[in-house]
Structure formats: structure tokens, C-alpha cells
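Grab a pencil and work through a few exercises with me. Try each task yourself before you read the solution under it.

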Amino acid sequence: GWAGGYPEIVKENELFERYYRELGIVPRGEWDAFMAALREPLPATLRITGYRSHAKEILHCLKEKYFKELQDLEVDGQKVEMPQALSWYPEELAWHTNLSRKILRKSPQLERFHQFLVSETECGNISRQEAVSMIPPLLLDVNPHHKILDMCAAPGSKTAQLIEMLHADMNVPFPKGFVIANDVDNKRCYLLVHQAKRLNSPCIMVVNHDASSIPNLQIDVDGRKEVLFYDRILCDVPCSGDGTMRKNIDVWKKWTTQNSLQLHGLQLRIATRGVEQLAEGGRMVYSTCSLNPIENEAVIASLLEKSQGALELADVSSELPGLKRMPGITKWKVMLKDGQWFEEWGDVPSNRQTQIRPTMFPIKDEEKLKAMNLERCLRILPHHQNTGGFFVAVLIKKSPMPWNKRQPKIHQKLPQRTEDTEATAANSNNGSECITEEPTLAENEESKKMQELQNSDTEQSKKEGVCGPPPSKKMKLFGFKEDPFVFLPEDDPLFLPIQKFYALDPSFPKMNLLTRTQEGKKRQLYMVSKELRNVLLNNSEKMKVINTGIKVWSRNSDGEQFGCAFRLAQEGIYTLYPFIHARIINVCIEDVKILLTQENPFLSKFSSETQKKVKDMAMGSIVLKYDPDPEKPDDLQCPIVLCGWQGKTSLRAFVPKNERLHYLRMMGVEVFKAKRKEEELESKMTEVQHRLAQTEEGMDVEDKEHDLVTKMEAEIGEESSHSPVESSAMEVENKTEDVDQSSKNANSHVSQESKDTDVNNVKD
């Protein structure tokens, strides 16, 4: 039959069943349960971001409000089970429910819950992520000082977990560690940027490279150039995805063994490149959403064999208690898509040896095989805990890879080190392609020539603090050109008024401020950690950087008359706040509600204490701080920092729509709005936003927002400034914030190209 215009996909695949029955990856007597689970829709799962100070408040809100509303609810004759915490995820921060995505989106009874999920996801407080996808970052065992590489990062749910782990201590604005998130697909990189930017971290950089040949980066260590080796690497490789059949049902129709045979080589090259860049004593997690040993144990076994003892599989059986897992297997066979089996490489006819490679077969030497401890790998089967299928292996690097034994040469004097580093990069790439070959002199000479050609431009750029993209001739390989990253010079006159206006602490790391323009007015200031600054300045000729840094200040044309041309940006306020000693107003919870529910409230609406504080303060950008009162347990019990603007007679908050709604929910204010109310303003707002889009590209965000507010006030009257959140005027306010958000495209250096990203073609 036809459903919704599409033919219904039959969840049957004879070759799939024959293949996995023969391999025996499912315990005896569980096959029927395994297949039945694969045919059921995947439960919806969500994860509360763990590093936010608001995590406990969100968890409390979920349990006491939204989950209680689901009690005794039936949808399409199906009783909605109460969501359950994932037993193996720490601190009850991950939950699953039997609600499918389809029901969650379309059921009127669940509209309030769905709106909550969408809004909280947008502002980074919740990630809707498949349960098994949460496992690899947990097994990486990340600490805030770790340098982390995520090799195949898009769409970014695992990257977000890694960022959270870096910020485990919210009192440290700049952890010493960082995450470099890479993806080969230029468009998917912008999906990755969107995910990462929700978390507002100065410690994330998104780059665009082929993971199998990602370049060696250099950092400056006490005046010496050294190769950057990572403490932790997440290697979540592209795979056939047969563990995702429950959510990607077209896999049923398309699955053949050919997919795995074609991907095996790429997976091995990516994993090899990963361990080359791993520091000694470091940990790399290799994972796929496939059940196939050709993509899993075969890759790991080949990697271990080539490493000649440099790598070992970690025993993680005691980690994540409560997670049901199957051990890795040691025996498997290879099957062609026509159903023909091969047990060893010697059986493969010459005309099939391009499709099937020796590394796909188990190791014959029993002693070697036993020493590999392949049973330490994890395979997650769907029927054990109602999840997708998944595979994880945790590798520890004990010594340099045998083909990288020359790497200590990087510690020689500076000119020699630079050349050797380039040679190491060439050698490592060569190792990725065919790891049995030794480096050649020709490659070393070629690297030296390339280094000499690039040296003059690079040194000049570094003097100016400019980190541009790779040379223009390489741009065709990468997609469109990115703006450069320009660090603010130490003596830049731009910074002095900012420092004075906000009374910034002497410890403020102003050298970490950057812009995205070399010429003309600097409209936005961004901030990165000291460690990422080091990476940027020393590798601009090697890396295609898509995005890094968080916005901390925006130019405001009205601000100059008040002593500072830059207003604070909400996305960077939690990073900046520890350094600001002026223009801070402590507000009570009732004041916060007024700020978040009214567009531009008069000062007379606020508490007398707030009015007194504002009275002696000059107009301009301000910080609004709420501290919880332990003696009032019913009030919000987490601190809030908001960016605001003090006018002559009014006080307003500059906070994006979804963040406003988040804070209001946490304070118990009802923010659910019927769709009809939203639709009433949709046509009017579309027209206004269209006009804004046609304005001059460089026009300041503040000016655009001011014009929009003025127009809307004229159209719907005085009520727009003072109406409660449920009214249509709050909708106007929300739409204005949307414009502020959309204006960020030029400002937050996220390309418009991201809107063209095919979100249906993403790896969870």
C-alpha cells in the first residue's frame, strides 16, 4: 500500500538475515528478538547538557512538569510509557521514551512537550541524540585539559558531548583543553558549526579536511615548534549503517555486503591516521553504527597487527555499568553481494581481489589473535536495551607507530624542526595510504620545497596576527572561501574604551580576541582560548578552518556617544562575566521575568532596588545578574547572566528567543503558545524580515533590531512594549530576536551555505 505518497518499505532482507545468522553475532536463541527489535521504531532519546549550571533545573522541570503530563496518555491507541532514564548514563542526564519521532511531531496532545524539546535543543540545553551515539564520548574519559580531535564529527552530537566534558567546571571560563572537530564534507561542516555554537565555548574549532589525510599541526611550546599530538581522539568513521535500520528504514532495501567491502579501506586509513596523531598514553575510540565485523573487528585487528605492539585494546568492561554489551568476535568470514563466502585470503580468486582485501580476514596466527584481545571490543545489539546497533573499540597508544619512529627529530633546533615536521606530515599521510611502506626521500624533498614556498607569506601573516585560509589555488578542493581570522594587536586602540567602560580585570586575555575582517570597521569581536590561538597562528597555511571562537562584543552605532562602541553579546557573556567589574546590576527574580516577557519595559516597572542601581549608571550596555536565594527553594536555584541595554527611561534584555523561553520555563512561567497565535503574525513578520534582508549587508545588528521594533510598535501599538509572554506582542519580541539571530550569519561567521545542508543525510 501507499502511505503519505510513498510506497511502504517492507522490513525484510534475506541476504542480511543469511549473513548475520552465519556470522553468529547474535547469541543463540535471541535471533527472533533481534529481528523483531530491528522492525520496531527507535525510541526517542534526549540528553541534558551536563556542563550547564542549569542542568539540574532542566532535569527537575522535565520530571515534575512535562513527564507528569504524559501519565495515562494514549496516542493512536498506544499507551505512552513514562520516559525512563538511561541506566548507564551518569547523573540521569539521558532519557528515552517509546514515543517515535513521528508521534512526537504530529500528536496534538504532545505538542507542548515537543515545543519544549525543540526550543531547549535550539539553545543548547538538550540534545536529541540516539542512545548508542552517546557511548563513544563517555568511553574517551575526557578531562578539561585534554587536546581532542573529532575526526568525522558532523552532524555534531558527539562533539557537543566532548565540549561539555571540557567545561565540567563552569567556574573556569577557559579550560586548557580544546576540541578540533573535522569533517570532509564542506556543507556538513556548517551543520557541525550550528551544533557546536549552541554550547558557546571558546575551545572549539571546526575544520574541513579528509580525515584519512588530516594534516599534522604545529604548536609553539616555549618558543619551539612542536607537532601537536592529541590526548584523545574520537574516530567515528563513515559506515554502512546497518545498526540504524530502526530509524533509517531504507537500509532494509539497500543493504548488501558490498557497502562494507567498499568502506573497509577508508575506515582503516582514517583509523591509521588517527593513531598516528595520538599522543603516547592517549586514548582513541573507534566506533561505527554498523554490526559488520568487516567494518569493525577487521579494521581493529589490522590496525593492531600493523602497530607491532604500539597499540592495545583497553578493557572497558567495568565502565558504564548498566550498559548491556556483547564482546568482540575473533572469527568471521567475508561474503560478496551474490552470497559467495570466503574464509581466508587464499580462497579469493584474482578477479575478486580488488573487492576483497587481505585485511578483511581474521588473523590466522592464534597466538597473535589471542594477544589482540578482540573480545574487549563492544557490540551493542538492538534488542538488549531497545536501542540501535553499534560497535565501539577503545585503543591506548603505548609507543610511536613503527613507521613514525623518526618523530623525535621535531625537537631539534627551530629551522630543522619545521622541515622535519613537514616531512613527518608527508610520511604520516603516506602511512595512511599504505601503512606497510617506508617514507621516501622524494616526499621529504617535496615537503621542504612546499615549506620554503609558503614561509614568506606565513611569517608575514603571523606578524600581523592574521590566520587566513589556505592558498587560493587550493580553494577548489574545499568549497567557498572563508574570511580570515585576525587577532587584535596588543596596542589596538579599539580595546582601550572597552576595557575602561566594563572595567575589565587585568587578567583578561585580550590577545585572544579576534575579528573576521582585515579592512574597514571591526563589527564583531570573537574570543578563543589561548591554546586555540596557538593552533591558529601556527597552522593557517595548512588548515581550512570553518569556524572558531564565540562572539563577545558587537559594534553598536549608538554606543559611541556613551563611551563604548561595543555592546555585550549574550552568547559570550558566561565567558566574559568573570572579567567584568563594572556595569553589573543584580536583579531579583521578578525583575528577570519583566525583562524576559516585555519588550522594552520602563524603569518604573522594576523593583526599587534595581531602579536605585540604574539611576547612577550611564546609558549603554549592561550585565543583568540573578543570584538564587537558598532561603526561597521554590524560586529558580541557578544563577542567570543576561546582556541588557539601559536607555533613558527603560531597561531591556538582549537575549535570543529560545534562551528567553528557557529561562521563563525554569522560573515556572507558562510559555506554551497556540500555533494559531504564531500564525497571526507570520505574514506580517515575513514582510518585515524581507525588507531587513534587503538592507545594506554591513548594517549593524542593533540598528536593524531597533528599526524592526519601531515598525512593529507603530503597527500594533503601545501594547507591544508591555504585554505578557502569552500575548501576540511577545510574539513580536520573539520575532525580533529571530532577526537578531538571523543577522548573526554575517556576524558569527557561519556561512549561509549551512542552510543548504542536507539534514536527511547525516550520521548520528
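The exercises below go from the whole chain down to single residues, and the model you are looking at is predicted.

**Exercise 1: The whole chain**

Task: Find out how many helices and strands the chain has, and what percentage of its residues count as buried.

Solution:
- Step 1. Start with the elements: there are 25 helices and 32 strands in the chain.
- Step 2. Now look at burial. The chain has 764 residues, and 57% of them count as buried.
- Step 3. Turn to the surface. About 32600 Å² is exposed, with carbon and sulfur atoms supplying 49% of that area.
- Step 4. Finish with the contacts. Take those with a separation of 6 or more: 76% of them are between residues 24 or more positions apart.

**Exercise 2: A hairpin**

Task: Work out how strands β12 and β13 run, parallel or antiparallel, and how many residues lie between them.

Solution:
- Step 1. Locate the strands: β12 covers residues 218-221 and β13 covers residues 224-227.
- Step 2. Check the direction. They run antiparallel, and four bridges join them.
- Step 3. Pick out one pair: Val221 sits opposite Arg224 of β13.
- Step 4. Look at the turn. Two residues separate the strands of this hairpin, and Asp222 in the turn has a positive phi of about 50 degrees.

**Exercise 3: A strand with two partners**

Task: For strand β15, decide how it pairs with β14 and with β21, parallel or antiparallel.

Solution:
- Step 1. Begin with β14, residues 230-236. It pairs with β15 in the parallel sense over six bridges. One bridge pair here is Asp236 with Ser287 in β15.
- Step 2. Go on to β21, residues 390-397. Its pairing with β15 is antiparallel, again over six bridges. Here Met284 stands opposite Leu395 in β21.
- Step 3. Ask how covered β15 is. This strand spans residues 278-288, and nine of its eleven residues are buried.

**Exercise 4: The edges of a sheet**

Task: Take the open sheet that contains β6, β7, β3 and β8. Which strands stand at the edges?

Solution:
- Step 1. Write down the order of the four strands: β6-β7-β3-β8, with antiparallel pairing.
- Step 2. Read off the ends. β6 (84-85) and β8 (126-127) each have a single partner strand, so one side of each has no neighbour in the sheet.
- Step 3. Zoom in on one edge: β6 pairs with β7 (residues 94-97) over two bridges, and Gln84 has His96 in β7 as its bridge partner.
- Step 4. Add the helix. α3 (residues 55-69) lies across β3, β7 and β8, running at about 145 degrees to β3.

**Exercise 5: A helix and its cover**

Task: Which residues of helix α1 are buried, and what covers them?

Solution:
- Step 1. List the buried residues of α1 (residues 14-23): Leu15, Phe16, Glu17, Tyr19, Tyr20 and Leu23.
- Step 2. Find the cover, which includes α2, α10, β18 and β19.
- Step 3. Inspect the start of the helix. A side-chain oxygen of Asn13 comes within 3.2 Å of the backbone nitrogen of Leu15.
- Step 4. Step past the other end: just after α1, Gly24 has a positive phi of about 70 degrees.

**Exercise 6: Buried or partly exposed?**

Task: Sort Gln161, Asn200 and Arg583 into buried or partly exposed.

Solution:
- Step 1. Recall the cut-off: buried means under 20% relative accessible area.
- Step 2. Gln161 in helix α7 has a value of 1%, so this residue is buried. Among the residues it touches are Arg47, Tyr89 and Gln129.
- Step 3. Asn200 has 21%, so it counts as partly exposed. You'll find Asn200 in the loop between α8 and β11.
- Step 4. Arg583 has 9%, so it goes in the buried group. Its place is the loop between α19 and β29.

**Exercise 7: Unusual backbone**

Task: What is the phi of Asn200 and of Arg583, and which peptide bond is cis at Pro155?

Solution:
- Step 1. Keep the usual case in mind: most residues other than glycine have a negative phi, and most peptide bonds are trans.
- Step 2. Compare the residues with that. Asn200 has a positive phi near 50 degrees, and Arg583 has a positive phi of about 60 degrees.
- Step 3. Check the peptide bond: the one joining Ala154 and Pro155 is cis, with omega about 5 degrees. Pro155 is in the loop between β9 and α7.

Terms used. Residues are numbered from 1 along each chain as its sequence is written. This is a predicted model: local features need pLDDT of at least 70, side-chain atom pairs count only at pLDDT 80 or more; totals for chains, interfaces and linings use all residues. Side-chain values use heavy atoms; hydrogens and water are left out. Buried means under 20% relative accessible area, exposed over 50%, partly exposed in between (1.4 Å probe, protein chains only). Contact means heavy atoms within 4.5 Å. Accessible areas come from the Shrake-Rupley method with a 1.4 Å probe; for residues, only the protein chains shown count as cover. Two strands pair if DSSP finds at least two bridges between them. Axes are lines fitted to C-alpha atoms, for helices over the stretch in contact, and angles run from 0 to 180 degrees between N-to-C directions. A polar contact is a pair of N or O atoms within 3.5 Å; within protein, one must be able to donate a hydrogen and the other to accept it, and residues adjacent in sequence count only if both atoms are side-chain atoms. Lists of a residue's contacts leave out its neighbours within four places in sequence.
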